[in-house]
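Here are my notes on the model, in numbered points. They take the pocket before the chain as a whole.

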Amino acid sequence: MGCSSSRTIAEGKKEKIRRPRTWKHPQPISRAELTQMREEFWDTAPHYGGKKEIWDALRAAAEEEDLSLAQTIIESAGVIVQNTDLTICYDEKGSKYELPKYVLRDPSNLIRTK
């Protein structure tokens with residue numbers, strides 16, 4: 001299964017996580033709208049399966065600015081990273097966790113206010 005190859009990556013040479021590539025929302029979006037989208041995702045994500053502890057670790061890593069600390073959070077929780085940008089991960093039992101780019105990085109067309 002796809003899970004076994006991701007375990008090899010996670011257990012063999014530790015892949016360093018990275019931020020997703022720059023992405024663009026369909027229309028310009030404000031910080032408040034982005035924050036609301038993120039909150040809605042994190043509030044509903046555990047209802048799609050997996051363990052709450054893994055979702056909590058993924059959220060902590062996604063919100064962490066320091067990638068080395070985010071890496072430590074992921075490794076400590078036993079998260080198996082398939083995509084180094086954290087968009088697809090697994091727990092040790094094989095449950096899949098998919099994260100949208102909007103929780104991992106701001107869009108390029110974020111409306112900046114002073």
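1. The largest pocket holds about 280 Å³ of space. Bear in mind that the model is predicted.

2. Which residues should you look at? Of the 14 residues that line the largest pocket, R38, A62, E63, V103 and D106 lie nearest its centre.

3. Three elements each give two or more residues to this lining: α2 (31–44), α3 (52–63) and α5 (101–104). The largest share comes from α2, with 5 residues.

4. What is the lining of the largest pocket made of, by class? Charged residues number 9. Another 4 are nonpolar, and 1 is polar. R38, E63 and D106, among the residues nearest the centre, belong to the charged class. A62 and V103, also among those nearest the centre, count as nonpolar.

5. Now the chain itself. How many helices and strands does the protein chain have? There are 5 helices and 5 strands. Their order along the sequence is α-β-α-α-α-β-β-β-α-β. In that pattern, three helices follow one another after the first strand, and then come three strands in a row.

6. Burial next. The protein chain has 114 residues, and 36% of them are buried. Here buried means under 20% relative accessible area.

7. Contacts within the chain deserve a point too. Take the contacts between residues at least 6 apart in sequence: 63% of these join residues at least 24 apart.

8. Last, the surface. About 7200 Å² of the protein chain is exposed. Carbon and sulfur atoms supply 51% of that area.

Notes:
Residues numbered from 1 in each chain as written. Predicted model: local features only at pLDDT ≥ 70, side-chain atom pairs only at ≥ 80, totals over all residues. Heavy atoms only, no water. 1 Å grid on protein atoms, 1.4 Å probe; cavity = no way out; pocket = protein on both sides within 12 Å on 5 of 7 lines; lining within 4 Å. Points joined across faces, edges and corners; volume = space filled by probe spheres on them. Helix = DSSP H or I, 4+ residues; strand = E, 2+ residues; numbered from the N terminus. Buried < 20%, exposed > 50% of the residue type's maximum accessible area, 1.4 Å probe, protein only. Contact = heavy atoms within 4.5 Å. Areas by Shrake-Rupley, 256 points an atom, 1.4 Å probe, with all protein chains shown as cover.
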